[in-house]
Amino acid sequence: MASLPTLIFLLTTISTVFLLLLRKSRYRRLRLPPGSLGFPLIGETLQLISAYKSENPEPFIDRRVNRYGPIFTTHVFGEPTVFSADPVTNRFILQNEGRLFESSYPGSISNLLGKHSLLLMKGGLHKRMHSLTMSFTNSSIIKNHLLLDIDRLIRLNLDAWSDRVLLMEEAKKITFELTVKQLMSFDPDEWTESLRKEYVLVIEGFFTLPFPLFSTTYRRAIKARTKVAEALSEIVRKRRKESESKNDMLGALLASGDHFPNEEIVDFMLAMLVAGYETTSTIMTLAVKFLTETPQAMAQLKEEHDQIRARSDPEAALEWADYKSMAFTQCVVNETLRVANIISGVFRRAMTDIDIKGYTIPKGWKVFASFRAVHLNPEHFKDARTFNPWRWQNNSEAASPGNVYTPFGGGPRLCPGYELARVVLSIFLHRFVTRFSWVPAEEDKLVFFPTTRTQKRYPILVKRREESRQCIYEK
Ligand code: HEM
């Protein structure tokens, strides 16, 4: 007679094998996109990570697209995943958010963001909060309220730069300060800097396994999240007591008539800090890196900004008309977004069995709409893997979101910060190139995992342009 544990083991094994066979036969009937699920459990995760940790991750996608076509099946981060390198399919995925697909973030990110964050919201509430967020960041708000502070805070930061600068770190500091100002009207001081230090720990936790028992980074992130949330709650509580409302995002949330409880407001603010932080600061850094490596583009950009500077007092605040006259700068911003692909694509989960291009994506499967694969495909962009800002001259592609160019996503989750990010980048480039000349302090490599970044945070040696001019005259 078999013992009870042996019986349990046998029964569990038989039922697992039975379920696996059942699933396999269902998948066979469904006609899944072609591809390989790789090794058991880890699938093709290691191949993906090693490709994205290099300067040239493209072969990971290229090989599979050549073999299986632009929609293929893989198995990454513990789940079978349908990968789309096809712009029409990507558009279908983005547009059907909430109907056929829903956004899906790893456990670590969801826990740290908080359940009321816009990134995690679903359905009608998401729709309402998305449009509310858009109303805080649209062109007229930027033009009439935010521009002045963006320009002022960027200048304030640049005033302190000398000699060796870790550009990625400085860009992050600027982006954080700008978001805090837009959210709750605080100028940078000790309080904002200590908030930033805690907040950086939260971000670090995004890219670890969400198991407090095994990961010190994750434990630290959870603690930091609590501290940041407490600090923000305190601000919200104080604000509720003030009689006069302020002209910032917090003021708008409190006055909106939705009667949001404190916890929801805090989650919302935390998500806003997260969403624009790494993204905008990395693009600031990479725009400078790509320009440094493309001297002709650098010269043309400098000329554009020197002309704007010549029109008025260099220390006077920039105006909306100045921003609107930065035509070549927009080409540089578009091209940096295309080549760098800070958000290389988005994960979604199929809410039902979905038929697409002759294949079926089974209900519950993950889908990855790869923007990077489309942006770097020579079928859609000539010499796609070269930084060429001139391709955007007389090109309306950037103005029509949802086509092949989607650095800000699309559909109901289109990035609400798309215009704000452009303005911040343009003003930063203006102030940076008109004030400084620079050279890279060391060679630095671009990598793409866990996020797009340069390995050494792009150290540069800066010199004030007045000083460099003086040096030339002195010789
Ligand atoms: C270069 C800078 C930026 C890039 C490349 C970028 C890109 C994106 C992308 C691709 C998405 C869509 C994610 C999805 O579909 O799941 C997104 C969403 C979002 N972005 Fe941005 N973003 C940038 C800057 C900003 C800024 C400055 C803000 C601040 C206002 C912001 C706020 C958000 C928010 C709140 C979402 C979530 C929208 C939702 O789920 O409904 N982003 N961003």
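This passage describes helix packing, a buried threonine, salt bridges and a nonpolar surface patch in a predicted model. Residues are numbered from 1 along each chain as its sequence is written, and side-chain values use heavy atoms, with hydrogens and water left out. Because the model is predicted, local features need pLDDT of at least 70 and side-chain atom pairs count only at pLDDT 80 or more, whereas totals for chains, interfaces and linings use all residues.

Helices are DSSP runs (H or I, at least four residues), numbered from the N terminus. Axes are lines fitted to C-alpha atoms over the stretch in contact, and angles run from 0 to 180 degrees between N-to-C directions. Helix α9 (residues 190-205) packs against helix α12 (residues 262-292) at an angle of about 80 degrees, the axes being 12 Å apart. Helix α9 is therefore roughly perpendicular to α12 (65 to 115 degrees; under 35 counts as roughly parallel, over 145 as roughly antiparallel and the rest as oblique). In this pair, R196, Y199, V200 and I203 of α9 meet L273, V274, Y277 and E278 of α12 (contact means heavy atoms within 4.5 Å).

For helix α6 (residues 123-137) and helix α7 (residues 139-159), the axes come within 5 Å and cross at roughly 40 degrees, which makes α6 oblique to α7. S135, F136 and T137 of α6 make the contact with S139, I141, I142 and L146 of α7. Helix α6 also contains T133, which is buried at a relative accessible area of 0% (buried means under 20%, exposed over 50% and partly exposed in between, with a 1.4 Å probe and protein chains only). Leaving aside residues up to four places away in sequence, T133 touches L118, F268, M272 and P416.

The structure holds 35 salt bridges (a side-chain nitrogen of Lys or Arg within 4 Å of a carboxyl oxygen of Asp or Glu). In the bridge between R64 and E44, the closest N and O atoms are 3.1 Å apart. This pair links distant parts of the chain, 20 residues apart, with R64 in helix α3 (residues 58-68) and E44 in the loop between α1 and α2. R64 is buried at 10% relative accessible area, and E44 is buried at 6%. D248 and R239 form another salt bridge, at 2.5 Å, and both residues are buried.

A nonpolar surface patch of about 460 Å² is made by F39, L41, I42 and L46. Patch residues have over 30% relative accessible area and no salt bridge, with nonpolar side chains (Val, Leu, Ile, Met, Phe, Trp, Tyr) joined within 5 Å and like charges within 9 Å. Of these residues, I42 lies in the loop between α1 (4-30) and α2 (45-52) and is partly exposed at 39%.

How values were computed
Areas by Shrake-Rupley, 256 points an atom, 1.4 Å probe, with all protein chains shown as cover. Helix = DSSP H or I, 4+ residues; strand = E, 2+ residues; numbered from the N terminus.
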